[in-house]
Amino acid sequence: MQAAPVRPVTVTVSTALRAVESLLMSGGQRTARRNAWTAVLEDRRRAKDRVEAQHVLEAVSNTASQAT
């Protein structure tokens, strides 16, 4: 019985770096996505607050103009 021929595994430097990067960056990417989503939610909240403030200002402006 003969042993199966062993094929050499060719790993380039760039392949090895990509593998290491994916291991190291996976947690960082998760954090980055979470931070980005938090920023989106905060932007939506601020936009809603701006719209509400605009409605209040318009209501006060209309009331003031009618009182004069």
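The accessible surface of this protein chain comes to about 6500 Å², and carbon and sulfur atoms account for 62% of that. Please keep in mind that this is a predicted model. Of the 68 residues, 0% count as buried.

On to the overall shape. The chain has one helix and zero strands. That helix, H1, covers residues 13–67. Along the principal axes, the C-alpha atoms fill a box of roughly 105 × 25 × 15 Å. The radius of gyration is 30 Å, where a compact globule of 68 residues would have a value near 11 Å. For a local distance, take Ser-22 and Arg-34: they are 12 residues apart along the chain, and their C-alpha atoms are separated by 18 Å. Arg-34 has its place in helix H1, and with a relative accessible area of 49% it is partly exposed, because the cut-off for exposed is over 50%.

Next, the nonpolar part of the surface. Val-20, Leu-23, Leu-24 and Met-25 make a nonpolar patch of about 440 Å². Leu-23 is found in helix H1. Is Leu-23 buried or exposed? Leu-23 has a relative accessible area of 68%, so it counts as exposed.

Now the charges. There are 10 positive and 6 negative side chains in the chain, and the centres of these two sets lie 15 Å apart. Side chains of opposite charge can pair when their charged atoms come close. How many salt bridges does the count come to? It comes to four.

Which residues are linked in a network of salt bridges? They are Glu-42, Asp-43, Arg-45, Arg-46 and Asp-49. I will start with Arg-46. Its side chain meets that of Glu-42 in a salt bridge, at 3.6 Å from N to O. The two residues are four apart in helix H1, about one turn. Arg-46 also forms a salt bridge with Asp-43, where the closest N and O atoms are 2.4 Å apart. Asp-43 and Arg-46 are separated by about one helical turn, because they are three residues apart in helix H1.

A further pair in the network is Asp-49 with Arg-45, whose side chains meet at 2.6 Å, N to O. These two also lie in helix H1, four residues apart, about one turn of the helix.

As for accessibility, the members of the network are partly exposed: Glu-42 at 30%, Asp-43 at 42%, Arg-45 at 41%, Arg-46 at 37% and Asp-49 at 35%.

Methods. Residues numbered from 1 in each chain as written. Predicted model: local features only at pLDDT ≥ 70, side-chain atom pairs only at ≥ 80, totals over all residues. Heavy atoms only, no water. Patch = residues over 30% accessible without salt bridge, like charges linked within 9 Å, V, L, I, M, F, W, Y side chains within 5 Å. Areas by Shrake-Rupley, 256 points an atom, 1.4 Å probe, with all protein chains shown as cover. Buried < 20%, exposed > 50% of the residue type's maximum accessible area, 1.4 Å probe, protein only. Rg over C-alpha atoms; globule rule 2.2 N^0.38 Å. Lys, Arg positive; Asp, Glu negative; His and termini not counted. Charge placed at Lys NZ, Arg CZ, Asp CG, Glu CD.
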